[in-house]
Amino acid sequence: AEDTGTTGQPAGPDRSGAHTDVRSEVARRRTFAVIAHPDAGKSTLTEALALHARVITEAGAVHGKSGRRATVSDWMEMEKARGISVSSTALQFTYKPAGAPDDDEPYVINLVDTPGHSDFSEDTYRVLTAVDAAVMLIDAAKGLEPQTLKLFRVCKHNGLPIITVINKWDRPGQAPLELLDEITEQIGLVPTPLFMPVGIAGDYRGLLRRGPEGAPEEYIHFTRTAGGSTIAPEEHYDPAAAAEREGEVWETAVEESELLSAMGQDHDQELYLAGETSPVIFASAMLNFGVHQILDALVELAPPPHAWDTVTGAPRETSDPFSAVVFKVQAGMDAAHRDRLAFMRVVSGEFERGMVVTHAQSAKPFTTKYALTVFGRDRTTVETAYPGDVVGLVNATALAPGDTLYTGKKVQFPPIPQFAPEHFAVVRAHSLGKYKQFRKAIDQLAAEGVVQILRNDTRGDANPVMAAVGPMQFEVVTARMKTEFNVEVVVDNLPYSIARRTDAASADELGRQRGVEVFQRTDGELLALFGDKWRLQYISKEMDHLTIEPLVADT
Ligand code: GDP
């Protein structure tokens, strides 16, 4: 890659040497995450997307074990035992839309995986700070579900444009217009379908491509393959032939399409990028229907990587020298690889394995000798990466979520907000003799963001309080304490459910109130914990001279 700028073969109209190369790499990248309530079909869709991109040849076959159809995205013991994804990584694949000129470079798509279980939503929030777009996956029978709503709000907060996929159209479900109304009414996002489904939910025949004023442009008919394990063949018909073939269900789709246009529900690129509208695709991840249309929408509509804000306010342009943000730290991902990985998203410039970068938080150099892409059990060495790409750095013990890596002039990105915890428990070493290991382990797990750690003088250093968005985070701490640090811990749940920010001036008086306890979090923030919202309301009202505020990223 280092020759590209000097061999007289610039890839674009720019003449700025090496930057030309980075710019064309940026233009062909899309980095996104899927947000969904558990069971909406996220794993199935991930497999289906990878199948279309031909990363793997048969969905589910990569790590297929007898008895259960294993997907590429689960690996930890805990995940296997519970059938959930605890950690997140990225799947990178290339995709070239049908009909693209032969000499066009394919798009490079980074699908950053998120844990499915709501107990790990803090991880999901961090992932959503590291992507450029989101796909909101909805079950056609269930519509919007609590976790979808929560994650939608995080996307909105982060300014992520959203493509909506209504999944499981091969099964009985709600009427298409009802589902679309639900999106408008519940979250205020205006759905603008790119296609209308032909056939009701449960009788999925194909898609009507919507043209100007909702007029049908073509009919894409899908054919089932055995178990949906290969790409579903498509046949394309013009509208007259579609009417002939499908009769009434085609006419219904045409009417619905025109009705939506009459209400102004047509795709508008600017409104989509502004997060006001959302292109919609009806699909069946299981049968592989509509999946290639999702990929086309991503490459045509979703934004490529863009400049990032820095703490000084000056944006870091994608063509600036290398910089990246760490959004996840993970240890003990696999018994065969007992190491600690920090995942970074490249923000600017070109990354080359082995390059020495600076860690902004410690001002120390960091050598990127071991750089990987990780998805499920697969690990591949990364030689080069560009903005939007996700790279796992091995044994990056000093790196924590939110940290900045860079070359050249110093740059630092704003920290990732810590989310408002709702579960609290005291954790201590079972035997006092293990105190030193315990202390070290707690500090490391807090730095990785596995749980937040709160301390106060009353409880002392030997009895820190773990704070989490979901209680399963505590189980991860207990398990990792034992397997990685050889420390048995005792966990006692505390009867608090709400955290609020306070300040040094209010802390003492607030801490003396019944049912309230004040702590300092490892990031220095002072947190007051309350048993329930009535206690919080009562104290806020009675003592309005005290500082009691929602935490920054309270969603
Ligand atoms: P996740 O929890 O969101 O990752 O959901 P999964 O991908 O594990 O899917 C949950 C269940 O829904 C599984 O039994 C899937 O086989 C099923 N499923 C996923 N997509 C579809 C679909 O398009 N149609 C049908 N009929 N079932 C689906």
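Begin by selecting strand 20, residues 390-394, in this predicted model. The strand is mostly covered, since 4 of its 5 residues are buried. Next, add strand 13, residues 340-348, to the selection. Strands 13 and 20 run antiparallel and are joined by 5 bridges. To inspect one of these pairings, display Arg345 together with Val390, its bridge partner in strand 20.

**The seven-stranded sheet**

Move now to the open sheet of 7 strands, whose order is 25-22-24-23-27-28-26. Its pairing is antiparallel. Colour strand 25 (489-493) and strand 26 (498-502) to mark the edges, where each strand pairs on one side only. From one strand to the next, the twist averages 40°.

Within this sheet, select strand 23 (residues 452-455) and strand 27 (residues 516-521). The two run antiparallel, with 2 bridges between them. Arg455 is a suitable residue to label here: its bridge partner in strand 27 is Gln520.

Then show helix 13, residues 504-511, which packs on the sheet. Helix 13 touches strand 26, strand 27 and strand 28 (526-530). Viewed against strand 27, the helix direction makes an angle of about 145° with that of the strand.

**The annotated binding site**

For the next stop, select Asp113, Thr114, Pro115, Gly116 and His117, which UniProt lists under "binding site" in an unreviewed entry. Centre the view on Pro115, which lies in the loop between strand 3 (107-112) and helix 4 (121-128). Is Pro115 buried or exposed? Pro115 is buried, because 23 other C-beta atoms lie within 10 Å and the cut-off for a buried residue is 20 or more.

**Gln265 and its surroundings**

The last stop is Gln265, found in the loop between helix 8 (248-262) and helix 9 (269-273). Gln265 counts as buried because it has 21 C-beta neighbours inside 10 Å, against the same threshold of 20 or more. Which residues does Gln265 touch, leaving aside those up to four places away in sequence? Select Val190, Pro191, Thr192 and Leu260 to display these contacts.

Finally, draw a C-alpha to C-alpha distance from Gln265 to Thr44. The two residues are 221 residues apart in sequence and 29 Å apart in space.

Notes
Residues are numbered from 1 along each chain as its sequence is written. This is a predicted model: local features need pLDDT of at least 70, side-chain atom pairs count only at pLDDT 80 or more; totals for chains, interfaces and linings use all residues. Two strands pair if DSSP finds at least two bridges between them. Axes are lines fitted to C-alpha atoms, for helices over the stretch in contact, and angles run from 0 to 180 degrees between N-to-C directions. Two residues are in contact if their C-beta atoms, placed from the backbone, lie within 7 Å. UniProt positions are given in the numbering used here, feature names are shortened, and annotations may be inferred rather than shown by experiment. A residue is buried if 20 or more other C-beta atoms lie within 10 Å of its own, exposed if 12 or fewer, and partly exposed in between; C-beta atoms are placed from the backbone.
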